[in-house]
There are 2 protein chains.
Amino acid sequence: MSLLKSWIASANDAACPFPLNNLPYGVFSVGDGELRCGTAIGDRIIDLTGLEEISTLRADPDADVLDAPYWNDFMELGPEAWATYRAKLQKMLSADAPEDVQEALTYFSLPLADATLHMPMAVSEYTDFYAGRHHATNVGTMFRGAENALPPNWLHIPIGYNGRASSVVVSGTDVRRPWGQLKSPDHDTPAFLPCRRFDIELEMGAIVGQFSDHPVTVQEADDMIFGYVLLNDWSARDIQAWEYQPLGPFQAKATATSISPWIVTKAALEPFRTDTPEREFELLDHLKDVGPMLYDIDLSVSMAPEGTEATEIARTNYSQMYYSAAQQLAHHSTSGCPMNAGDLLGSGTISGPTKPERGSLLELSWGGKEPLTLDSGETRTFIEDGDTLTLHGAAKGDGYTIGFGDCTGTLLPALSDPFER
Amino acid sequence: MSLLKSWIASANDAACPFPLNNLPYGVFSVGDGELRCGTAIGDRIIDLTGLEEISTLRADPDADVLDAPYWNDFMELGPEAWATYRAKLQKMLSADAPEDVQEALTYFSLPLADATLHMPMAVSEYTDFYAGRHHATNVGTMFRGAENALPPNWLHIPIGYNGRASSVVVSGTDVRRPWGQLKSPDHDTPAFLPCRRFDIELEMGAIVGQFSDHPVTVQEADDMIFGYVLLNDWSARDIQAWEYQPLGPFQAKATATSISPWIVTKAALEPFRTDTPEREFELLDHLKDVGPMLYDIDLSVSMAPEGTEATEIARTNYSQMYYSAAQQLAHHSTSGCPMNAGDLLGSGTISGPTKPERGSLLELSWGGKEPLTLDSGETRTFIEDGDTLTLHGAAKGDGYTIGFGDCTGTLLPALSDPFER
């Protein structure tokens, strides 16, 4: 696959994150205007709610699915409708589109720079996995020693836990340092204090696009996935350490989870499919790989203390995961658990085998023992007030780039009294 | 508080679960008719959607909040509106209500026996706690030995984990025995099999009635709670044992969670408030008791193999909990986790100190080692196909009863091939 040329010239640059090959789906507003569905191409947004209103481009001939501030209704139409709509949209934006089509779409377009981006979907439920082997090994080594780093089940099922959908926010949303109950190693009893070890987790989020209420195969699961976003699962490590046994992380993960604003469709990522790594234990039949279902997506994290330039602190690739989102979704459905359009599945922290490839500060600073030095000369173990953390992601094709839009957030200081209004 | 008399005679019986003192909120339909909001009184349902339509009784003068198949919009009006509405409704149903009011409400009533009951609310998100001390001690003893039964954090925070809202079903819904990945103690590797240790958990569910996006005090949390239901957190123990470390239960709890069909309001339960038990560790200030926030509610569980009469297998009381729902909600909010109307908080399994007071088969059969004998002469360790499990709950006042409606479900056999359609 090479660059598909668009009549929107800015989309034809090899470095542009939003070429005609991409066409990610998002929700935008301008000024105090209403929230509308759109796609990014080059430096423009096409107002797809508008194109539906005038029936120039409709996903469903009989019902409006984009007259809402989210893509859920569109998703529910299913894979065939997704493909048909994308093909039509791509044709209308391609370099050889008729002049009158170009005029109509120009009328329904606006500069990306003028828009505010919002959550692209209503998150039905949010599940976070723990499916990166290097991350699980690093964290397990710190918490339980190298001998017991991977729990006995880890190589057989993608370990996951339910997160809190209400806490998912779009990139650009500030995050307030939480209070929580925690116990210092040098104290006998816990205290209620602002978190001292606030962290990021570099993840990809897979968005389920269809309902199911029965177990699905890995292939069916892959078919159900609508697209992907970057995901930062902000984590309060000291709260987590005190609370997570025996039933898992709870308040440590409930302050916020940030996602990038554009849903990059599975269709756009098709050329970047890649296999999961080799396994020493064969997976059970219902979880076996049935094709390449990871993606070759370069990922990085940058950190910028207030008023300074950002420093890249980690660089890795989504293909480092041990389980694909399709395998995670298949596992998620085994119990008959009903899945819905808008369910968000966090991949788990993505770390590579070497130190600069680690997707969390917990790993990068090895539990706070090895501070990082930023370009500004400042050092960090965990996040400090005012720091801005940003995830970047891009799949690199032949003369083109599939970008996600950054996933960024700034940490605000804890409130002095969290109960004061 | 004694019995409040209604002009609906069947409501004035001391054993009737739905006297004028109760007025629980539910959603019903008749035949193929639409889903409507109603209240149960005696052996009747009052069609409250109908009373809103004709403006005889409105919660909001400007907006319809009961023209939906759930009580969420009503909840969002807040505690003052809840109280005003209840006072008006109680007056209209009281023995001294004017004749024309009685006539109007009779017109908008129907026999409870004719109605099908549905989920009373849209479950925004579902959180399950582990806040009964006897249950946690029993389970901890079985899994980790008596010395380590309670984890170090247990007496300091109400341990909870996020559940799966999509799996919550109304009483009467059949439950299909799930498949799952599990590992027998006598095997080296896991297998994908139908669950062999399917269980119940006797719980109360608290329904959050208001939005918050900041930490709330215990008193504020209590004010935010709209009402309570009975809740059965069906649990696949063998799947749970294999999956739950290190991040908590996941597919073991995702097949179904059943709730009773009527939301019993906090107002109806007011006379039954009772204190949490004595504690050896004082709670931190933000979790301290600020009044009686548990309730004296008698609870029991019955089991009926297919074609036999039910046997009562457990009897306990909600007052056995170590933490109130208000304390759980306060803890849930500490991180700034946004809470929404329709959030459901499971209390955790409610067990008393003695064997017949245990709220799960895991405890009743002590991990399957001590089978129960039912009245029919059959024995049980866990649930067998065709068994019907029912939770009952009642608060006993002076000459009246506050009932919840049963929370029941029948276990269907596992599918022979879970992926076949």
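Biologist: What percentage of the 421 residues in chain A is buried?

Modeller: Bear in mind that this is a predicted model. Counting a residue as buried when its relative accessible area is under 20%, the share for chain A comes to 62%.

Biologist: Which value does the radius of gyration of chain A take, set against the globule rule?

Modeller: Chain A carries 10 helices and 27 strands. For its 421 residues the globule rule gives 22 Å, and the chain comes out close to that, so it is as compact as a globular protein of that length. The radius of gyration itself is 21 Å.

Biologist: Among contacts in chain A between residues at least 6 apart in sequence, how many percent join residues at least 24 apart?

Modeller: A contact here needs heavy atoms within 4.5 Å. Taking those pairs at least 6 apart in sequence and keeping the ones at least 24 apart, you get 71%.

Biologist: How far apart are the mean positions of the positive and negative charges of chain A?

Modeller: Chain A has 28 positive charges and 60 negative ones. Average the positions of each set, and the separation between the two means is 5 Å.

Biologist: What relates the two copies?

Modeller: Chain B lands on chain A after a rotation of 180°, with 0.0 Å of shift along the axis and an RMSD of 0.0 Å. The copies are therefore related as by a two-fold rotation axis.

Biologist: And in chain B, which residue has the C-alpha nearest the axis?

Modeller: That C-alpha sits 2.2 Å from the axis, and the residue is G248(B).

Conventions
Residues numbered from 1 in each chain as written. Chains lettered and ligands numbered in written order. Predicted model: local features only at pLDDT ≥ 70, side-chain atom pairs only at ≥ 80, totals over all residues. Heavy atoms only, no water. Helix = DSSP H or I, 4+ residues; strand = E, 2+ residues; numbered from the N terminus. Rg over C-alpha atoms; globule rule 2.2 N^0.38 Å. Buried < 20%, exposed > 50% of the residue type's maximum accessible area, 1.4 Å probe, protein only. Lys, Arg positive; Asp, Glu negative; His and termini not counted. Charge placed at Lys NZ, Arg CZ, Asp CG, Glu CD. Least-squares fit on C-alpha atoms with pLDDT ≥ 70 in both.
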